[in-house]
Structure formats: structure tokens, C-alpha cells
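This report describes the fold and packing of a single molecular structure. The sequence and coordinates are shown first.

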Amino acid sequence: MKHVTEFRDPALAKALLAEIARLCDQIGATREKPVHIMEICGGHTHAIFRFGLDKLVHEGIEFIHGPGCPVCVLPMSRVDECIEIAEREGVIFTTFGDAMRVPGTRGSLMQAKARGADIRMVYSPLDALEIARRNPEREVVFFGLGFETTTPSTAFAIQAAAREGLKNFSVFCNHITVPEPIRALLGDPHMTLDGFIGPGHVSMVIGTHPYDFIAQEFGKPIVVAGFEPIDLLQSVAMVLRQVAEGRAEVENQYARVVPEHGNPASLAAIADVYERRPSFEWRGLGEIDASGLRIRPDYAGFDAEAKFGVGYGAAGPRHVPEPEGCACGAVMTGRIKPTACPQYGTGCTPETPLGALMVSSEGACAAYWQYGGARGAAA
Ligand code: SF4
């Protein structure tokens with residue numbers, strides 16, 4: 001198929017692998033002293049394992065899996081609050097399928113649905129809006145979840161609801177942003193990161209400039225990448241070339257999709273509907289300043305937190321400790337590989353997940369499970 005096959009071309013892949021090996025030798029990267037490249041996005045993690053790139057690249061490359069899976073970083077307290085809303089009388093709770101099996105302290109949304117809550121999977125917030133139009137006597141809540149990729153579509157739904165004067169539609173807003181957790185990781189003295197593969201879909205919305213601080217303040221290269229094998233190999237080579245030449249810049253390998261300044265319509269909708277929370281809790285990373293979005297007072301009627309009195313209210317956020325033995329935080333910050341979690345494959349499997357990383361389509365543990373682990377996984 002055109003526009004896919006050329007990004008999976010074996011001859012091109014071999015040439016890029018040879019270039020990566022040459023650059024690793026030039027830098028002196030070895031299995032014992034690897035170059036640490038964090039792929040921020042969970043979609044990239046899955047692409048790396050799906051195409052076996054972790055095994056194909058020079059042994060001097062170590063991929064560190066970043067916190068770019070929005071379902072994985074959702075704290076258990078927010079799952080509990082989803083269930084609290086969903087179990088209210090008269091509520092239809094709508095969500096993307098990815099979030100259905102994420103465990104909270106009272107089980108998952110799937111289990112709440114089995115107990116009788118009216119929880120429905122949707123493909124878009126506009127589907128939730130349509131459910132609200134057809135059920136004027138019910139309260140329809142959409143679980144707004146995700147990075148800058150999905151943030152605009154939730155904003156468009158809220159704007160449409162406002163235009164139509166819908167009174168029975170609201171959003172439980174859990175939208176989060178990519179740059180702030182990266183700043184937090186870079187500020188951690190225990191992290192060893194030599195460069196980044198930047199997220200492709202998020203950057204389609206925000207452009208490349210929000211990553212300038214990575215290069216300018218922290219002196220690390222970042223290359224925004226696509227999701228095909230050639231995209232990723234080329235991006236790894238671009239990061240290595242910067243390291244070899246002593247440069248730290250923001251480069252855009254995915255220019256066929258990512259505009260330098262992002263998508264103006266999406267950015268305008270985000271600015272219209274949301275404002276920054278002072279801080280937001282991330283699973284495994286704790287509270288991170290200005291990393292979450294909430295609905296602006298102009299759209300307060302569509303804010304499920306205000307409507308149902310849950311979440312970041314006057315009493316502050318509710319904190320729920322992680323399950324015993326769960327290493328989700330260490331995996332999401334790249335400190336250990338999923339197979340080093342004591343629960344991996346024993347207490348935690350896709351059928352009986354302890355953490356969201358095992359059930360999300362972008363979770364690192366799910367990638368290891370699905371594609372059979374990786375070289376050096378026991379590190
Ligand atoms: S194996 Fe399960 S508990 Fe361990 S890090 Fe992965 S999702 Fe979390």
C-alpha cells in the first residue's frame with residue numbers, strides 16, 4: 001500500500017541500521033555503556049516492539065519507555081471517581097474502550113458496568129454528545145482522557161454542547177500535557193537520558209516549539225517521530241547524529257504530519273475551553289505542576305467535577321496508594337523494564353491486571369507481554 005510500504009522498506013531499514021551502528025561506534029556506545037533514548041509516547045513503545053526494532057538496532061542503544069500513555073498515568077483515585085459518577089442514578093457514563101479495564105480500588109469501569117452501571121464505550125466525544133441529545137432525561141458524562149492529541153476533540157464537543165444549549169452533557173476532564181512530565185523527569189538527578197524520540201500525534205496539535213526547553217535548558221536532543229519502522233530508525237539515527245556532533249536541537253522527522261507551529265484550530269479550541277490546573281497527580285510520578293487541564297469557568301455547566309462534586313474540589317485531590325508490589329511508577333519513569341516488576345506475569349497479567357500498563361494499548365507492560373519481551377529486559 002502506498003504511503004505505508006515505503007516506510008517499511010527492508011533495504012532502507014538495513015541502511016539505517018548500518019548508519020545507527022556506525023554512529024554508535026563513533027560515540028563509543030556499547031551494551032555496557034549504552035546511549036539512553038526515551039521514546040515518550042506509548043504508541044512508539046508498541047511500534048518498537050511490534051517491529052522488533054529493539055532487537056535490530058545496535059546493542060549500544062537502550063530504549064527507555066516514557067510516561068506517554070495517558071491511561072497508564074491516570075491515578076487510581078480518578079478511576080474511583082469515574083465509578084462514583086457512573087453509579088449515580090440517571091447517569092450514562094461514556095468512555096473510550098482503552099479505559100474500561102483500568103483498575104481502581106473498587107475495580108474497573110468494566111466491573112462497575114457488570115454491577116449495573118450504565119457505562120458505554122464510544123469512539124469520540126461526539127458520540128457521547130449524540131447520546132445526550134437522544135436521552136434528554138439522563139445525565140451523560142464523557143470521560144475526557146488523554147494528551148494534547150485528544151484534548152481538542154473534547155473541546156469541540158463542549159463547544160458544540162454550549163452552542164446547542166445542552167444541559168445534560170458534561171465532561172470528567174483528565175486531559176494532561178506532555179512537556180511538563182518531561183521537565184519533571186529531566187529534573188530528576190537519578191535519570192540518565194541522552195536523547196528523546198518525541199511524540200508524533202501530540203506534536204501534530206502543539207507543534208515542535210513546546211520542546212525547545214529540552215534542548216535549550218537541558219542540552220538534550222529530541223526528534224519528533226512517526227510510527228513506522230523507517231520513521232523510528234531514522235529518528236534514532238538523527239538523535240545519535242546530534243550526540244555525535246555535540247548538538248542539542250529539536251528536529252522534526254515527522255514533518256509530513258507535524259507542522260512546526262501545530263494546528264491552529266485545535267490550539268484555539270484548547271485555549272477557549274480549558275485552563276491549567278495548578279497541579280495534577282500522575283500515577284507513579286506524583287503531583288506535577290501545571291500538567292493537567294480543567295474546564296474554564298465559562299463552560300462550568302459542562303464540568304462533571306463541579307456537577308457531581310468529585311475530584312479536585314475544595315478538599316483537594318484524593319490520594320490512593322498503589323497496590324502492594326506494583327512497580328508501575330518505576331516502569332513509567334524508565335527506572336526498570338516491565339519484566340523486572342515482581343508482579344509481571346504472576347500477580348499482573350492482561351487477564352488480571354494490577355496496573356494500567358498491562359491493559360492499555362499503549363502500555364509498556366502490554367507491549368512486552370504481547371511481543372515477547374526485549375533484550376536486556378531484566379535490567
Ligand atoms: S507488571 Fe503490572 S504491576 Fe508491574 S509495572 Fe506492569 S502494570 Fe504495573
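The account below covers the two sheets, the helices packed around them, the nonpolar core, the ligand shell and two individual residues.

The structure is a predicted model.

**The five-stranded sheet**

One open sheet consists of five strands in the order β2-β1-β7-β8-β9, paired in parallel. At its edges lie β2 (61-68) and β9 (250-252), each of which pairs on one side only. From one strand to the next, the twist averages 25°. β1 (residues 35-41) and β2 are parallel and share six bridges, with V35 standing opposite I61 of β2. Towards the other edge, β8 (residues 222-224) runs parallel to β9 and is joined to it by three bridges; here V224 has N252 as its bridge partner. Although β2 is an edge strand, eight of its eight residues are buried.

**The four-stranded sheet**

A further open sheet has four strands in the order β4-β3-β5-β6, and its pairing is parallel. Its edge strands are β4 (119-121) and β6, each pairing on one side only. The twist from one strand to the next averages 25°. The bridging in this sheet is summarised for two of its strand pairs.

| Strand pair | Sense | Bridges | Example of bridge partners |
|---|---|---|---|
| β3 (residues 91-95) and β4 | parallel | three | F93 and I119 |
| β5 (residues 139-146) and β6 | parallel | seven | F142 and V171 |

Two helices pack on this sheet. Helix α4 (residues 76-86) touches β3, β4, β5 and β6, and its direction makes about 145° with that of β3. Helix α6 (residues 125-134) also touches β3, β4, β5 and β6, with its direction at about 175° to that of β5.

The edge strand β6 (residues 169-175) is largely enclosed by the rest of the structure, because seven of its seven residues are buried. In a regular strand, side chains alternate between the two faces of the sheet. On one side of β6 the buried residues are F169, V171, C173 and H175, and on the other they are S170, F172 and N174, so that both faces are covered.

**Helices α2 and α15**

Helix α2 (42-50) is largely enclosed by the rest of the structure, since seven of its nine residues are buried. These are G42, H44, T45, H46, A47, I48 and F49. The buried residues of α2 pack against β1, α3 (53-56), β2, β7 (195-198), α11 and α15. After α2 comes G52, whose phi is positive, near 70°.

Helix α15 (residues 364-371) is mostly covered, with six of its eight residues buried. The buried residues are A364, C365, A366, A367, Y368 and W369, and they pack against α2, β2 and α14 (328-332). Just after α15, G372 has a positive phi of about 85°.

**The nonpolar core and the ligand shell**

In soluble globular proteins, nonpolar side chains tend to be buried together. The largest nonpolar core in this model contains 114 residues, and I20, V236 and L357 have the most contacts inside it. Helix α11 (residues 229-245) supplies the largest share of this core, eight residues. Leaving aside residues up to four places away in sequence, V236 touches I20, I37, V57 and I61.

The ligand is surrounded by 14 residues, of which C328, C341, C348, G355 and C365 are the closest. What is the character of the shell around the ligand, in terms of nonpolar, polar and charged residues? Its residues divide into 12 nonpolar, two polar and no charged. C365, one of the closest residues to the ligand, is also among the buried residues of α15.

**Two acidic positions**

Is E305 buried or exposed? E305 is found in helix α13 (residues 304-308) and counts as buried because it has 20 C-beta neighbours inside 10 Å. The C-alpha atoms of E305 and C173 are separated by 7.7 Å, although the two residues are 132 residues apart along the chain. C173 is itself one of the buried residues of β6.

D9 lies in the segment before α1 (10-27). D9 is partly exposed, because 14 other C-beta atoms lie within 10 Å. Its C-alpha atom is separated by 7.4 Å from that of I230, and D9 and I230 are 221 residues apart along the chain.

Technical notes:
Residues are numbered from 1 along each chain as its sequence is written. This is a predicted model: local features need pLDDT of at least 70, side-chain atom pairs count only at pLDDT 80 or more; totals for chains, interfaces and linings use all residues. A residue is near a molecule or strand if its C-beta atom, placed from the backbone, lies within 6 Å of it. Ala, Val, Leu, Ile, Met, Phe, Trp, Tyr, Cys and Pro count as nonpolar, Asp, Glu, Lys and Arg as charged, and the others, Gly among them, as polar. A nonpolar core is a set of buried Ala, Val, Leu, Ile, Met, Phe, Trp, Tyr and Cys residues joined through C-beta atoms within 7 Å. A residue is buried if 20 or more other C-beta atoms lie within 10 Å of its own, exposed if 12 or fewer, and partly exposed in between; C-beta atoms are placed from the backbone. Two residues are in contact if their C-beta atoms, placed from the backbone, lie within 7 Å. Two strands pair if DSSP finds at least two bridges between them. Axes are lines fitted to C-alpha atoms, for helices over the stretch in contact, and angles run from 0 to 180 degrees between N-to-C directions.
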